[in-house]
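Me: Let's go through this model by question and answer. Show me the sequence and the structure, please.

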Amino acid sequence: MIKDKKVLFSGMQATGNLTLGNYLGALKNWVTLSDDYECFYSVVDMHSITIRQDPATLRKRARALLTLYIAAGLDPKKNCIYYQSHVSGHAELAWILDCFTYMGELNRMTQFKDKAAKHADNINAGLFTYPVLMAADILLYQADVVPVGIDQMQHLELTRNIAIRFNNLYGDVFTVPEAYIGKVGAKIMSLQDPSKKMSKSDENPNGSIYLMDDPDTIMRKCKRAVTDSEACVAYREEQPGLKNLIDIYCACLGKTPGEAVKEFEGKGYGELKMAVGEAVVSVLKPLQEEVARLEKDKAYIDSIIKENSEKAQYFANKTLRKVQRKVGFPDRIR
Ligand code: TYM
């Protein structure tokens with residue numbers, strides 16, 4: 001299809017308050033990669049309803065997320081930024097791929113197990129087939145590369161397996177995608193429990209820095225971050241709290257862990273925490289200001305939504321028609 005440039009696809013759920021983990025693990029890399037690829041960045045609102053949502057809140061969050069993509073530096077004239085629910089091909093391809101995915105594969109998905117445990121009163125079929133919709137997102141645009149945080153690797157592996165399985169049956173229909181994992185920031189951990197990833201759904205709000213947190217809140221959360229009693233700044237698995245703070249610092253400022261450790265040699269944890277807080281503020285404050293500016297320009301955001309959903313639909317349909325033909329659906333009569 002569009003293959004002058006390689007294709008990149010990624011998406012984020014418009015659920016809960018986005019965290020620094022979402023930014024450093026994904027969005028920041030999207031911006032870095034966007035010049036080198038033909039990019040599709042989706043607000044994956046269809047994934048969000050696997051968990052009950054308040055409709056008005058979901059709509060508001062979806063728009064805020066789309067605005068955030070642009071505020072983070074993705075040019076919507078060059079990158080296709082759109083709502084998943086505006087492109088019918090996602091659901092149509094997901095159904096077809098459902099028929100090429102095994103229950104056993106889906107049963108192994110750790111995210112399904114986690115979410116099912118958390119929402120025991122609503123273990124719906126959508127939650128179970130969630131990774132297939134994700135595979136459809138990616139394969140619909142023939143994506144070569146998918147920048148994600150480490151927590152999405154298992155879903156990506158499944159996507160690759162589905163694509164390979166389909167190609168083995170029907171010829172080279174899908175590009176088999178590769179994950180892109182950033183060097184630092186691919187797994188930002190909770191500030192209160194560094195054995196858990198920083199998550200939108202954490203009950204303890206001090207564990208996560210939210211993208212819309214004000215500078216005082218950010219500084220307070222960093223100061224309260226759990227570390228250890230070694231009293232020595234080092235970057236190693238045995239000091240997970242400290243390692244996480246260094247990861248955040250490096251991902252925000254584009255430094256390496258080695259450089260950071262040198263910088264804080266002989267200094268106390270308090271000083272490091274302050275510096276981490278300041279680094280986070282230096283990244284999030286301009287982002288928040290840009291979001292506020294863009295939110296006021298309703299007509300501009302509306303025009304992006306319209307143009308880009310048409311563009312996405314066009315490319316999605318190309319793959320979809322090919323797949324429908326391969327599996328034996330009757331041709332359309334024009
Ligand atoms: P979601 O919305 O949970 O997260 C969006 C992106 O943020 C990354 N991320 C993190 N990275 C580092 N540290 C963390 N603590 C952290 N928390 C989240 C995630 O890895 C992700 O890249 N299923 C996906 C959304 C999706 C998608 C797709 C992604 C739907 N279709 C197709 C890529 C391609 C999800 O729920 O991400």
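**Ligand, pockets and cavity**

Me: How many residues surround the ligand?

Reply: This is a predicted model, numbered from 1 along each chain. Local features need pLDDT of at least 70, side-chain atom pairs 80 or more, totals use all residues, and side-chain values use heavy atoms without hydrogens or water. The closest residues are Tyr130, Asp137, Gly149, Asp151 and Ile188. With near set at a heavy atom within 4 Å, the count around the ligand is 26.

Me: Which side chain has an N or O atom 3.1 Å from an oxygen atom of the ligand?

Reply: Look for polar contacts (N or O pairs within 3.5 Å). A nitrogen atom of the ligand is 2.7 Å from an N or O atom in the side chain of Tyr130. For Asp137, a side-chain N or O atom is also 2.7 Å from a ligand nitrogen. The partner of the ligand oxygen, at 3.1 Å, is Asn22.

Me: How much of the ligand's exposed area does the protein bury?

Reply: Taken alone, the ligand exposes 710 Å² (Shrake-Rupley method, 1.4 Å probe). Of that area, the protein buries 97%.

Me: Which elements give two or more residues to the shell around the ligand?

Reply: Elements here are DSSP runs: helices of at least four residues, strands of at least two. One strand and two helices meet the mark. They are β1 (7-12), α1 (20-33) and α7 (125-140).

Me: How many charged residues are in the shell around the ligand?

Reply: Asp, Glu, Lys and Arg count as charged; Ala, Val, Leu, Ile, Met, Phe, Trp, Tyr, Cys and Pro as nonpolar; the others as polar. The shell has 12 nonpolar and 10 polar residues. Its charged residues number four.

Me: What is the volume of the largest pocket?

Reply: On a 1 Å grid, a pocket is an open set with protein on both sides within 12 Å along at least five of seven lines; in a cavity a 1.4 Å probe fits but cannot get out; lining residues have an atom within 4 Å of a point. The largest pocket comes to about 1,300 Å³.

Me: Which residues lie closest to the centre of the largest pocket?

Reply: This pocket is lined by 50 residues. By class they are 17 nonpolar, 22 polar and 11 charged. β1, α1, α2 (45-48), α6, α7 and β4 (145-147) each supply at least two. Closest to the centre are Gln111, Lys115, Asp151, Gln152 and Lys197.

Me: Which element supplies the largest share of the lining of the second largest pocket?

Reply: This pocket has a volume of about 290 Å³. Its lining has 15 residues, with Gly16, Asn17, Leu18, Ala64 and Met212 closest to the centre. Both α3 (55-71) and α12 (269-295) supply at least two. The largest share, four residues, comes from α3.

Me: What is the volume of the largest cavity?

Reply: Its lining is Gln111, Phe112, Lys115, Leu127, Tyr130, Pro131 and His155. α6 (110-118) and α7 each supply at least two of these. Four are nonpolar, two polar and one charged. The volume is about 60 Å³.

Note on methods
Polar contact = N/O pair within 3.5 Å; in protein donor to acceptor, adjacent residues only side chain to side chain. Points joined across faces, edges and corners; volume = space filled by probe spheres on them.
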